Amino acid sequence: MSTRPHPTPLPGAPRPTVLRRFLPALALTCLAAGSLAAPAGATTTAVPASAHAGTTKVQPAAAQAAASFPTWGTRWVVHATLDINSPSVGMINRTSAGQDRITADYQVDTGRRVCEGSACSTFMAHITQPVTGFLTVVAVDIPEDRLPGVPVQTGPPAPQPGSRQQTLQRAATWLTANNGRPVPYHQGSHWRDGYRQDCSGYASMALGLPAPGTNTVGLTNRRLTRPIAMSELQPGDLVIDATGNNNTRHVVIFEKWNDAAHRSYTAYEQRSGPGTSHRTLTYGLAAGSEYKAYRPLQYGN
């Protein structure tokens, strides 16, 4: 849902002549060993008509570009999943009303009715531009309670708890959780979700382990993971250096190999300096490396 008061229109700015109706609610390194949403059925503060200043109503569905829609208002949260309490993966119209257009490939009737003012619905859209995630249809400047011409799914192709896909989805949330920026690295601090802001706290968050998370050595515990060969790495597995001390131990979350020869891979990492990163790495690929591959037992294989 919109997370701050909508700006007063500039002098001379056009005002809409049609009110939006029936729309859904939400405006919405390591070396060491949130988002706004209304609950189901809640009603949020009505949005003043001035929020539409500078935007125009969309054309009928038949005249629209396929799956592309204008937006309105400011600072709408894009969520990691269809759960309106799931972490933010980005924001629409960060600085001005109608700043972004969204592209949607499907939408889901969540069955959870939420409202903003007199506008209510249950639909969330899966968008692929300008950020990938789930956005309430209330952020889209259309009169309908759902996106015209966009397929409706009975449920999301969402991963089950403990799946590889969910681990990667959760890992990605920290790339933008700090008001659109990465979560900063700190061994002694905890992020707003309760997890430590070091590499092992980050990996614990991605795996869904209890907050504040275990340490790097704890991630190698046989109750949580098992060792595998580096060549066996699959999305969501871990690459861990569990030797040494708090200034040398580290863990990253494997996403994919970058080439068939396995000369490098892409991974999620929480590290000193940049904080949460998504980048190419070679940890563990050199002979004699202290980095080893581990597979979380929760994946079941």
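In the predicted model, Val-77 pairs with Met-91 of strand S4 as its bridge partner. The two strands involved, S3 and S4, run antiparallel and are joined over four bridges. Strand S3 covers residues 76–79. Trp-76 and Val-78 point one way from S3, while Val-77 and His-79 point the other way. All four of these residues are buried. In a regular strand, side chains alternate between the two faces of the sheet.

Strand S4 (88–92) is followed by a loop that leads to strand S5 (101–116). Asn-93 sits in this loop. Its phi is positive, at about 55 degrees, although Asn-93 is not a glycine. Asn-93 counts as buried because its relative accessible area is 0%, below the 20% limit.

Two helices and 16 strands make up the secondary structure of the protein chain. Of the 301 residues in the chain, 50% are buried. The accessible surface of the chain is about 13,400 Å². Carbon and sulfur atoms account for 53% of that surface.

Helix H2 spans residues 199–207 and is mostly covered. Nine of its nine residues are buried. Among them are Cys-199, Tyr-202, Met-205 and Leu-207. The buried set also includes Ser-200, Gly-201 and Ser-204. Just after H2, Gly-208 takes a positive phi of about 75 degrees. The loop between H2 and S11 also holds Pro-212. The peptide bond from Ala-211 to Pro-212 is cis, with omega near 10 degrees.

The largest nonpolar core has 22 residues. Those with the most contacts inside this core are Trp-174, Tyr-202, Leu-219, Leu-238, Val-251 and Ile-253. H1, H2, S12 and strand S13 (250–257) each supply at least two residues of the core. The largest share, six residues, comes from H2. Tyr-202 of H2 illustrates the packing. Not counting residues up to four places away in sequence, Tyr-202 touches Ala-171, Trp-174, Arg-196 and Ile-253, as well as Tyr-268, Glu-269, Gln-270 and Thr-276. Apart from the largest core lies another, of 21 residues. Its members include Trp-72, Trp-76, Ile-127 and Val-131. Trp-76 is thus shared by this description and that of strand S3.

A second cis peptide bond leads from Gln-129 to Pro-130, with omega near 0 degrees. Pro-130 lies in the loop between strand S6 (119–129) and strand S7 (133–136). A positive phi also occurs at Asn-179, near 55 degrees, in a residue other than glycine. Asn-179 belongs to the loop between helix H1 (164–173) and strand S9 (186–190). Asn-179 is partly exposed, with a relative accessible area of 43%, whereas Asn-93 is buried. Most residues other than glycine have a negative phi, and most peptide bonds are trans.

The structure holds seven salt bridges. One of them joins Asp-237 to Arg-295, with the closest N and O atoms 2.8 Å apart. Asp-237 lies in the loop between strand S11 (225–228) and strand S12 (238–241), and Arg-295 lies in strand S16 (residues 292–296), so the pair ties together parts that are 58 residues apart in sequence. Both Asp-237 and Arg-295 are buried. Salt bridges that share partners join Arg-164, Asp-237 and Arg-295 into one network.

Glu-269 forms a further salt bridge, with Arg-271. The closest N and O atoms of this pair are 3.8 Å apart. Glu-269 is buried, at 1% relative accessibility. Glu-269 is also one of the residues touched by Tyr-202. Asp-145 forms a salt bridge with Arg-146, and here the closest N and O atoms are 3.1 Å apart. Asp-145 is partly exposed, at 24% relative accessibility. Arg-146 is partly exposed as well, with a relative accessible area of 37%.

Methods. Residues numbered from 1 in each chain as written. Predicted model: local features only at pLDDT ≥ 70, side-chain atom pairs only at ≥ 80, totals over all residues. Heavy atoms only, no water. Buried < 20%, exposed > 50% of the residue type's maximum accessible area, 1.4 Å probe, protein only. Salt bridge = Lys/Arg side-chain N within 4 Å of Asp/Glu carboxyl O. Areas by Shrake-Rupley, 256 points an atom, 1.4 Å probe, with all protein chains shown as cover. Pairing = 2+ DSSP bridges. Core = buried A, V, L, I, M, F, W, Y, C linked by side-chain atoms within 4.5 Å. Contact = heavy atoms within 4.5 Å.
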